[in-house]
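I opened my notebook with a short list of things to look up. Here are the entries, in the order in which I made them.

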2 protein chains.
Amino acid sequence: MSKKVSIGDASRSCGVKVPTIRYYEQIGLLSALPRTEGNRRTFDAGDLRRLAFIRHARELGFEIDAIRTLLTLQDDPHQPCSSADAIARARLAEVEQRIDSLNALKTELGVMIESCSRGQVADCRVIEVLADHRQCTHPHH
Amino acid sequence: MSKKVSIGDASRSCGVKVPTIRYYEQIGLLSALPRTEGNRRTFDAGDLRRLAFIRHARELGFEIDAIRTLLTLQDDPHQPCSSADAIARARLAEVEQRIDSLNALKTELGVMIESCSRGQVADCRVIEVLADHRQCTHPHH
DNA sequence: GTTACATCCTCTAGTCACTGGAGGAGCAAG
DNA sequence: CTTGCTCCTCCAGTGACTAGAGGATGTAAC
């Protein structure tokens, strides 16, 4: 018999808020959790692992749908893992693009702050740069 | 007299979807746009500039509230631009942090994908890493 | 002048991934 | 037995849009 814990304990041990856990159950990301006589949800070790998996995947920016796919893959370990690989690769591409555009933004903000350090809004580059796309130092989009 | 254009033209020239423009007007990010006799919105050069400003700021990751502040600064050019500067600085710090965490994430995804054996899910590092946070190469969270 | 079609209008509701609150029930300690 | 905590369900709200219904207006061709 594995130990069963409450939703509060699950929340604390996985770092997922209580309402979020209930939400995950509601949308079927966690299968319906068994209840006590008093109608309280109980979590065994497997549920906790699944919850930790979800949390980690969310932190890495995977969408709920992608996580759903990853979870079904996890449930059937004899499948080829090309789907998981593809999902991770797609995510990597997204992340790389985001980094590029954030780097461009960083440069722009630096330039803005520099030239904004004196004077008034009338000649404030923050507004100028944002108002006129052509002044971007990098073609990030 | 400046030329007046339709919402469709504004959309095409600024790269903001028509319903989004209407939404911006609704939440007061664009002030109420003048209408034709037939009740159609008209946009002059200033409106287009403002819209481009908003679009650009959104792309750079500014929240609507920050943009609102920036716009009020733009509307009153006799203010010192220390507020805009503060917003830009806060934004820069945020952006730098986001870049850091995305770089850590990129590394992690890269390692995951690299070491995926392309075999079965059972040996797939992608799923394994997601299931166990301790395997993270970097403490990104 | 009329017909066809694109574009526009308002209004409502849906999206994602939660988050928060109301109102009530269960449970463990003192 | 009461106090106080945790839990339950249900409903509404968030941000920043996005989509669709149903109807009005503008324009170009015939």
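**Entry 1: disulfides.** I began with the cysteines, bearing in mind that this is a predicted model. How many disulfides are there over all chains? The count comes to zero, taking a disulfide as a pair of cysteine sulfur atoms within 2.5 Å. I also looked up how accessible two of the cysteines are. Cys14(A) has a relative accessible area of 6%, and Cys14(B) has 5%. Both values are under the 20% cut-off, so Cys14(A) is buried and Cys14(B) counts as buried too.

**Entry 2: the fold of chain A.** Next I read off the secondary structure. Chain A has six helices and zero strands, which gives the order α-α-α-α-α-α from the N terminus on. Chain A has 141 residues, and 40% of them count as buried. I then turned to contacts in chain A with a separation of 6 or more: 47% of them join residues 24 or more positions apart.

**Entry 3: helix 3 of chain A.** I picked helix 3, residues 45–59, for a look from end to end. Its 15 residues reach 21 Å from the first C-alpha to the last, close to the 21 Å expected at 1.5 Å a residue. Which residue caps the N-terminal end of helix 3? Asp44(A) does, with a side-chain oxygen 3.0 Å from the backbone nitrogen of Gly46(A). Along helix 3, the buried residues include Asp47(A), Leu51(A), Phe53(A) and His56(A). Just after the helix, I noted that Gly61(A) takes a positive phi of about 90°.

**Entry 4: DNA strand C.** Now to the DNA. I found 17 residues around strand C, the closest being Tyr24(A), Arg58(A), Gly8(B), Arg22(B) and Arg41(B). Sugar and phosphate make up 83% of the strand C atoms that come within 4 Å of the protein. By class, the residues near strand C are four nonpolar, five polar and eight charged. Helix 2 (18–26) of chain A and helix 1 (7–14) of chain B each supply at least two residues of this surface. The largest share, three residues, comes from helix 2 of chain A.

I then looked up single atom pairs. Thr20(A) has a polar side-chain atom 3.1 Å from a phosphate oxygen of strand C, while Ile64(A) places a polar backbone atom 3.4 Å from a phosphate oxygen. With Arg40(B), the partner is a base oxygen of strand C, 3.0 Å from a polar side-chain atom.

**Entry 5: DNA strand D.** I repeated the search on the other strand. Strand D is surrounded by 17 residues, and the closest are Ser6(A), Gly8(A), Arg22(A), Arg41(A) and Tyr24(B). Of the strand D atoms within 4 Å of the protein, 83% belong to sugar or phosphate and the rest to bases. The surface near strand D has four nonpolar, five polar and eight charged residues. Here helix 1 (7–14) of chain A and helix 2 (18–26) of chain B each give at least two residues, and helix 2 of chain B gives the most, with three.

Two arginines of chain A have side-chain N or O atoms by strand D phosphate oxygens: Arg35(A) at 3.1 Å and Arg41(A) at 2.8 Å. Which part of strand D is 2.9 Å from the side chain of Arg40(B)? I found a base oxygen there, paired with an N or O atom of the arginine. My last note is that Arg40(B) has a side-chain atom by a base oxygen of strand C and one by a base oxygen of strand D.

Key:
Residues are numbered from 1 along each chain as its sequence is written. Chains are lettered from A and ligands numbered from 1 in the order in which they are written. This is a predicted model: local features need pLDDT of at least 70, side-chain atom pairs count only at pLDDT 80 or more; totals for chains, interfaces and linings use all residues. Side-chain values use heavy atoms; hydrogens and water are left out. A residue is near a molecule or strand if one of its heavy atoms lies within 4 Å of it. A polar contact is a pair of N or O atoms within 3.5 Å; within protein, one must be able to donate a hydrogen and the other to accept it, and residues adjacent in sequence count only if both atoms are side-chain atoms. Helices (H or I, at least four residues) and strands (E, at least two) are DSSP runs, numbered from the N terminus. Ala, Val, Leu, Ile, Met, Phe, Trp, Tyr, Cys and Pro count as nonpolar, Asp, Glu, Lys and Arg as charged, and the others, Gly among them, as polar. The expected span of a helix is 1.5 Å times one less than its number of residues. Buried means under 20% relative accessible area, exposed over 50%, partly exposed in between (1.4 Å probe, protein chains only). Contact means heavy atoms within 4.5 Å.
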